[in-house]
Amino acid sequence: MLTVNQKTTYLEQGFLSLEGVIPVQDIAEAHRVIDDFVERSRNVQSHNEVYDMEPGHSAIEPRVRRIKTPLSLHSIFSKIALSDCILDAAEALLGNGVRLHGNKLNMKSAGFGSPIEWHQDFAFYPHSNDDLLAIGIALDDSFLENGCTLMIPGSHRGLVLDHHQEGVFVGGVDMGKQRIDLSQAVPVPLKAGSISIHHCRTLHAATPNRSAQRRRILFIELAAVDAFPLRGVSDIAQFDSLILRGEPTRSYRSKAMDIRIPLPMPESQGSIYEIQTQFRPRVFDEG
Ligand SMILES: O=C(O)CCC(=O)C(=O)O
């Protein structure tokens with residue numbers, strides 16, 4: 001459960017970190033499973049439904065930057081991500097039940113892990129209200145030098161900013177144009193087994209990994225059950241099956257917000273890494 005202070009931090013800052021949430025043996029098991037996935041990626045040439053590859057990936061030198069939907073690929077990831085501690089924290093912050101919206105494992109290898117430019121998750125998946133959050137579960141120690149997540153405190157209380165350029169969704173915010181002072185950005189370092197929780201409107205980014213230590217974070221995205229995606233639900237039974245806490249509803253709760261629909265997508269659509277290849281000016285060196 002969260003303390004009153006932890007809830008207040010989340011409400012005021014738009015993010016929070018909690019230490020020592022995941023047992024070390026589960027982290028060790030996740031490392032073994034990830035190593036197997038990377039080994040198998042030698043047989044895969046480019047992005048597919050399981051992998052998103054770093055530039056330069058090859059059979060000789062596999063470079064995986066994301067395992068997509070890890071929870072559906074191995075039980076250790078759902079054991080970790082859907083543990084009671086994590087769902088209790090999410091339920092305390094979301095209020096109206098918890099539905100799994102998405103999951104991904106971002107891997108930044110030592111020396112070349114790709115950055116992620118500044119963005120708000122809500123721009124990618126607008127809903128009828130903004131009771132959505134993302135939880136990052138550190139599988140390695142994550143710190144500034146190996147590319148920990150950066151956040152702008154209080155930014156979740158501002159607007160959902162423009163993530164389009166030249167009429168196309170590019171998944172990034174031009175921070176200069178929006179007059180956002182980058183000196184406000186704070187790193188969110190995490191020890192392996194600790195978690196961060198950020199609001200879907202919190203501006204965040206991640207620097208490249210130029211250090212000798214890898215950084216792997218398992219992310220889950222969670223929504224209140226009465227937050228309905230503005231782009232619609234194609235399969236309501238499947239949508240309901242993602243409810244982790246609370247009961248299905250057909251009544252959505254709405255909040256007045258000035259939001260854009262993330263369309264049209266750029267030609268290089270897929271993961272955020274691919275979508276952001278169109279984004280300029282870049283804040284982080286692409287490597
Ligand atoms: O990897 C990170 O630290 C940030 C991840 C992120 O913002 C994303 O995948 O959308």
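**Ligand shell.** I looked up the residues around the ligand (C-beta atom, placed from the backbone, within 6 Å of it) and found Asn-106, Ile-116, Thr-149, His-204, Ala-206, Ile-217, Phe-219 and Ile-272. This is a predicted model: I took local features only at pLDDT of at least 70 and side-chain atom pairs only at pLDDT 80 or more, while totals for chains, interfaces and linings use all residues. Numbering runs from 1 along each chain as its sequence is written.

By class, I get five nonpolar, three polar and no charged residues in the shell. Here Ala, Val, Leu, Ile, Met, Phe, Trp, Tyr, Cys and Pro count as nonpolar, Asp, Glu, Lys and Arg as charged, and the others, Gly among them, as polar. Strand 12 and strand 13 (215-223) each give the shell at least two residues. Strands are DSSP runs of E, at least two residues, numbered from the N terminus.

**The sheet.** Next I traced an open sheet of four strands, order 5-12-7-10, with antiparallel pairing. Pairing needs at least two DSSP bridges between two strands. Strand 5 (116-119) and strand 10 (186-188) are the edges; each has a single partner strand, so one side of each lacks a neighbour in the sheet.

I then checked strand 7 (residues 149-151) against strand 12 (residues 204-206): the pair is antiparallel, over three bridges. Thr-149 sits opposite Ala-206 of strand 12. Both residues are also listed around the ligand.

**Ile-197.** Last, I listed its contacts (C-beta atoms, placed from the backbone, within 7 Å). Leaving out residues up to four places away in sequence, Ile-197 touches Tyr-10, Phe-15, Leu-16, Ala-89, Leu-93, Leu-133 and Ile-135.

Terms used. Two residues are in contact if their C-beta atoms, placed from the backbone, lie within 7 Å.
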